[in-house]
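Work through the exercises below with the sequence and the 3D view open beside you. Try each task on your own before you read its solution.

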Amino acid sequence: MIAPGCNFNQLIQTFIESSKDGYAIFCPDDKLLYANYVFLDIFCATNCKVEYWSFEQLVRHAYDQKRGINIETDHIESWLEYVRSVRRKRPHRMFEVDLVNGRWMLFSEHLLDSGELLLQAKDISKQKVTESTLQRSLVQLKKLALTDELTQLANRRSFVDAVETELARVQRNQASATMLVIDLDHFKRINDTYGHLAGDHVLKHTAAILRQSTRQYDIVGRLGGEEFAVFMSEADLNVAYEVAERIRSSLAQSVTEVDGNSISVTASIGICTKLKPDSFETLFTDADEALYKAKSDGRNRIAVFNTLNRTT
């Protein structure tokens with residue numbers, strides 16, 4: 001419907017020319033019939049005589065100028081070949097395009113049966129920033145849910161989940177796995193003597209030593225309080241014992257400086273190594289039993305489940 005007396009063509013052109021969106025019309029052989037300033041700016045062609053330029057000419061121009069649409073390729077012909085494979089294949093198509101200056105545009109193509117193509121480009125930069133911010137927030141929330149805030153190690157939940165996933169692989173490969181359970185000796189004395197802030201520094205220091213002492217692919221977590229654990233896949237008892245001793249000796253030989261106080265701490269460690277362990281619970285329980293033995297024998301030592309005569 002067009003109201004009588006309405007100069008429809010002039011009105012539409014005025015709206016399009018003043019719009020913040022880009023508009024262009026291509027004829028059936030993909031030559032440019034009309035484009036407003038915003039659209040030409042996307043292709044860095046505001047100062048060019050672009051009448052009857054093909055869409056590919058616009059793209060090549062922006063590519064050569066290294067401005068406008070961001071074309072991340074060293075082979076423009078291959079890139080254009082892909083564009084040909086998707087362009088004009090459907091009556092309606094929408095896709096996002098980023099620009100060299102960091103802006104984002106949502107392109108919308110409308111193809112008539114007669115072959116003319118209307119292309120609209122809408123600036124969605126603010127939406128993309130919001131989307132990116134939300135995505136970062138979700139990643140951070142996930143990290144907070146899976147990470148111990150103080151030590152930045154895996155918390156108990158994520159440690160158990162990660163170990164159970166790795167145990168499934170270990171069982172398929174009929175391999176061995178080892179659990180180290182580490183408990184700081186007399187940690188309550190540190191909190192009582194120096195305060196909880198000092199205790200936090202000791203826990204962070206312990207976490208740093210665990211990272212330094214373990215293999216890159218070992219799973220390290222803080223289970224709560226002063227208790228930590230390390231899961232090692234495809235590690236025999238000798239390898240596991242070496243890692244445990246490295247942890248024990250590094251803690252015993254180092255100090256944490258807090259407010260002028262040099263705080264020393266030792267750890268007791270229980271080890272359990274099993275071929276094809278059937279569950280997290282059995283592996284952890286047996287390592288925890290070995291830890292209890294290490295504590296009973298005087299602390300600052302290592303005990304091995306079912307081989308409890310080997311201590312340090």
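**Exercise 1.** Decide whether Leu-33 counts as buried, partly exposed or exposed, and find the surface patch to which Leu-33 contributes.

*Solution.* Please keep in mind throughout that this is a predicted model. Begin with the relative accessibility of Leu-33, which is 45%. Since buried means under 20% and exposed means over 50%, with partly exposed in between, Leu-33 counts as partly exposed. Next, locate the residue in the fold: Leu-33 is found in strand S2. Finally, turn to the surface, where Leu-33 together with Ile-25, Tyr-52 and Leu-118 makes a nonpolar patch of about 370 Å².

**Exercise 2.** Describe how strand S1 is paired with other strands, and explain why S1 is described as largely enclosed.

*Solution.* Start with S1 itself, which covers residues 22–26. On one side of the question stands strand S5 (residues 117–123), which runs antiparallel to S1 and is joined to it by 5 bridges; Ala-24, for instance, has Leu-119 in S5 as its bridge partner. Then consider strand S2 (residues 32–35), which is also antiparallel to S1 and is joined to it by 3 bridges, with Ile-25 standing opposite Tyr-34. S1 and S2 form a hairpin with 5 residues between them, and in the turn Asp-30 has a positive phi of about 65°. The last step concerns burial: because 4 of the 5 residues of S1 are buried, the strand is largely enclosed by the rest of the structure.

**Exercise 3.** Work out the surroundings of Arg-87, beginning with its place in the chain.

*Solution.* First, place Arg-87 in the loop between helix H4 (76–86) and strand S3 (92–98). Second, judge its burial: a relative accessibility of 6% lies under the 20% cut-off, so Arg-87 counts as buried. Third, look for a polar partner, and you will find that the side chain of Arg-87 makes a polar contact with the side chain of Glu-109 at 2.7 Å. Fourth, leave aside the neighbours within four places in sequence, and the residues in contact with Arg-87 include Phe-26, Asp-30, Phe-55 and Leu-119.

**Exercise 4.** Which side chain makes a polar contact with the side chain of Ser-233?

*Solution.* Locate Ser-233 in strand S8 (residues 227–233), and note that at 8% relative accessibility Ser-233 counts as buried. The side chain that makes the polar contact with that of Ser-233 belongs to Glu-166, at 3.2 Å. Beyond four places in sequence, Ser-233 is in contact with several residues, among them Arg-169, Val-170 and Arg-215.

Conventions
Residues are numbered from 1 along each chain as its sequence is written. This is a predicted model: local features need pLDDT of at least 70, side-chain atom pairs count only at pLDDT 80 or more; totals for chains, interfaces and linings use all residues. Side-chain values use heavy atoms; hydrogens and water are left out. Buried means under 20% relative accessible area, exposed over 50%, partly exposed in between (1.4 Å probe, protein chains only). Helices (H or I, at least four residues) and strands (E, at least two) are DSSP runs, numbered from the N terminus. Two strands pair if DSSP finds at least two bridges between them. Patches are made of residues with over 30% relative accessible area and no salt bridge: like charges are joined within 9 Å, nonpolar side chains (Val, Leu, Ile, Met, Phe, Trp, Tyr) within 5 Å. Accessible areas come from the Shrake-Rupley method with a 1.4 Å probe; for residues, only the protein chains shown count as cover. A salt bridge is a side-chain nitrogen of Lys or Arg within 4 Å of a carboxyl oxygen of Asp or Glu. A polar contact is a pair of N or O atoms within 3.5 Å; within protein, one must be able to donate a hydrogen and the other to accept it, and residues adjacent in sequence count only if both atoms are side-chain atoms. Contact means heavy atoms within 4.5 Å.
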